[in-house]
Amino acid sequence: QANLNKHNIAGLQASLVFVQIRMGATPRAMAMRPSTNGRAWHSSTFLLASTLVCFTRVHAQVYELAEVEMPGTFTLQTHYHFFITSHADDAKAGGGQSPFGGATVNFKDLRVKPKDNEPNAPSASKLAGYSSVQVSLIPLDKLWNIIDADHFCLGNKLHFKGGDKHDEVVTFNVGADVASHKANLNFSGPYALTITNCGDLTGLAITGSVEVKNPWGFLPAIEFNKKAFYAGASVFYVITALVWTALAVQWRNQLFTLQKVLTAIAWIAVIESVAGWAMLEKWNSGGSLPTMLFLTTTLAFTWKFVAIVEMMIISPGKGTFEEVSIKGHVALLSFMMVVFNYKVVMVFRHCHNIQMMQVCLNALPVALMFAILVVWTYSTLNSAIEMLEEQKDQKKMAMYQKLRIVAGIGALGAGLCGALQILDPTVADTKLWGYHFLPSDGAFQILYAVLLSTCMVICLPSQDAQSYDYAVGQVDGETIGAPNSVWDDEDCEEAKKEPANKSGDDLVPVE
């Protein structure tokens with residue numbers, strides 16, 4: 001019988017969600033066990049600190065096997081998913097031609113060694129002739145069609161159903177000596193990286209790396225079109241930010257707080273889109289996800305959402321961020337943290353095969369916090385509109401009414417974009433991979449660009465904008481607006497002492 005364990009490791013640890021099969025063992029319930037690279041974190045308690053520590057271990061299409069613990073005897077483990085487009089399919093998508101070469105895998109400097117600090121590790125002499133470890137790339141959709149969970153080891157080698165001749169499978173035997181092997185990948189689809197131990201030795205570790213390259217570079221096939229999308233987004237946001245900044249400088253003496261916040265949001269969006277494009281470009285050329293660019297992109301993504309919420313909840317007139325309560329700032333910071341965590345998990349969802357349940361558990365705090373912020377924003381906007389209506393400030397009231405509509409459309413759109421991102425129908429079919437950028441990043445970015453542009457039109461700097469900074473004085477119930485002047489008795493006494501004319505002569509009443 002086969003023993004099947006799914007290690008559900010949320011997020012970014014290099015030992016991904018993997019399936020382990022051990023021949024000749026008694027079936028056991030699925031269990032959570034520590035990964036080979038650290039503690040396994042449950043997604044519902046996945047904190048920002050663990051995210052920052054763990055995501056630096058992810059190497060995208062270059063998977064580092066740094067002292068990875070070998071599976072037990074007669075065991076197969078899957079460790080990662082690579083998304084590949086073959087040269088033929090790339091040429092077909094390009095109208096019959098492809099400027100790139102074919103997809104390849106490079107098993108680089110692989111070797112098996114005794115595990116450090118393992119008392120039962122075999123000696124170097126015993127390991128010298130050991131040839132029962134195989135590292136393989138197997139098409140994910142064919143994995144269980146060509147592997148028998150009960151009998152996948154024949155002798156000391158990995159064995160496939162129907163014989164060992166499978167053109168779509170690449171297998172490399174790893175021994176005690178450092179060795180490398182490069183092969184072509186001629187079939188498109190997701191590939192599972194597997195490590196098999198069909199021998200009787202335990203206490204082993206494997207070192208080296210597995211480098212998988214698509215025709216265009218190291219970017220996974222589902223991520224390739226994101227680079228062009230972020231390039232286009234960068235151009236749009238740079239132009240928008242420059243135009244808005246020019247208007248802000250022109251009317252700098254009339255700017256009110258909302259317009260200043262929009263200026264900051266526009267440049268945050270520029271930072272996010274440019275950093276996103278640079279991240280994908282460097283990822284494509286180097287194979288590893290750039291840490292700082294990834295942090296910059298993800299943090300800017302969270303900052304711009306929080307900034308637009310704060311923009312709408314500050315009071316009319318000379319509103320400032322200091323008017324937001326301490327509890328409000330804590331709520332916004334908490335929202336940033338859960339959005340950051342959710343964003344990180346979604347980036348590595350497919351290559352680490354994070355299960356739908358874990359994705360939903362990561363999305364739940366975001367949905368709850370988002371609902372709270374929507375209610376808060378609407379309540380604040382309604383209060384501002386009621387106050388402006390009492391003050392008969394029609395211009396400013398009309399502006400806040402429009403912002404309330406924008407907030408409603410944004411809340412509805414964000415909910416739909418989130419549902420589309422979670423359900424994402426584009427990964428299951430290789431023909432839809434080219435559209436993966438839309439549910440993954442594009443829908444949110446397009447929605448935000450539309451909302452930002454609309455807010456800029458509503459709050460466009462002009463001569464009339466100065467009236468938005470008018471702070472209404474206290475109303476006594478009889479006087480409408482701010483009184484022109486206030487006199488007291490001392491002022492009247494001073495007036496009596498002043499000369500009647502500039503020369504100081506007394507005026508003589510004329511009958």
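This report describes the internal cavities and the salt bridges of a predicted model.

## Cavities in the model

A search of the whole structure finds six cavities of 30 Å³ or more, and the largest of these holds about 330 Å³ of space. Its lining is made up of 19 residues, among which Ile308, Val309, Phe370, Gly410 and Ala411 are the closest to the centre of the cavity. Two or more lining residues come from each of the helices α7 (291–313), α9 (356–390), α10 (394–423) and α11 (437–458). In terms of residue class, the lining of the largest cavity comprises 17 nonpolar and two polar residues, with no charged residues.

## The second largest cavity

The second largest cavity has a volume of about 170 Å³, and 15 residues line it, with Lys226, Met279, Lys343, Val347 and Asp441 the closest to its centre. At least two residues of this lining are supplied by each of α5 (224–250), α6 (257–286), α7, α8 (326–347) and α11. By class, the lining of the second largest cavity divides into seven nonpolar, four polar and four charged residues.

Three of the residues named as closest to the centre of this cavity, Lys226, Lys343 and Asp441, also belong to a network in which salt bridges that share partners join them with Glu223.

## Salt bridges between distant parts of the chain

The whole structure contains 10 salt bridges according to the search. One of them pairs Glu69 with Lys115, the closest N and O atoms lying 3.5 Å apart; Glu69 sits in strand β3 (residues 62–69), whereas Lys115 is found in the loop between β5 (103–114) and α3 (124–127), 46 residues away along the chain. Glu69 is partly exposed, with a relative accessible area of 37%, and Lys115 likewise counts as partly exposed, at 27% relative accessibility.

Another salt bridge joins Glu211 to Lys108, with the closest N and O atoms 3.8 Å apart. Here strand β12 (residues 204–213), which carries Glu211, is linked to strand β5, which carries Lys108, and the two residues are 103 residues apart. Glu211 counts as buried because its relative accessibility, 19%, falls under the 20% cut-off, while Lys108, at 35%, counts as partly exposed.

## A salt bridge with two buried partners

Lys396 and Asp393 also form a salt bridge, in which the closest N and O atoms are 3.9 Å apart. Lys396 counts as buried at 3% relative accessibility, and Asp393 counts as buried at 16%.

Technical notes:
Residues are numbered from 1 along each chain as its sequence is written. This is a predicted model: local features need pLDDT of at least 70, side-chain atom pairs count only at pLDDT 80 or more; totals for chains, interfaces and linings use all residues. Side-chain values use heavy atoms; hydrogens and water are left out. On a 1 Å grid over the protein atoms alone, a cavity is a set of points where a 1.4 Å probe fits but cannot get out, and a pocket is an open set with protein on both sides within 12 Å along at least five of seven lines; lining residues have an atom within 4 Å of a point. Grid points are joined across faces, edges and corners, and a volume is the space filled by probe spheres set on the points. Helices (H or I, at least four residues) and strands (E, at least two) are DSSP runs, numbered from the N terminus. Ala, Val, Leu, Ile, Met, Phe, Trp, Tyr, Cys and Pro count as nonpolar, Asp, Glu, Lys and Arg as charged, and the others, Gly among them, as polar. A salt bridge is a side-chain nitrogen of Lys or Arg within 4 Å of a carboxyl oxygen of Asp or Glu. Buried means under 20% relative accessible area, exposed over 50%, partly exposed in between (1.4 Å probe, protein chains only).
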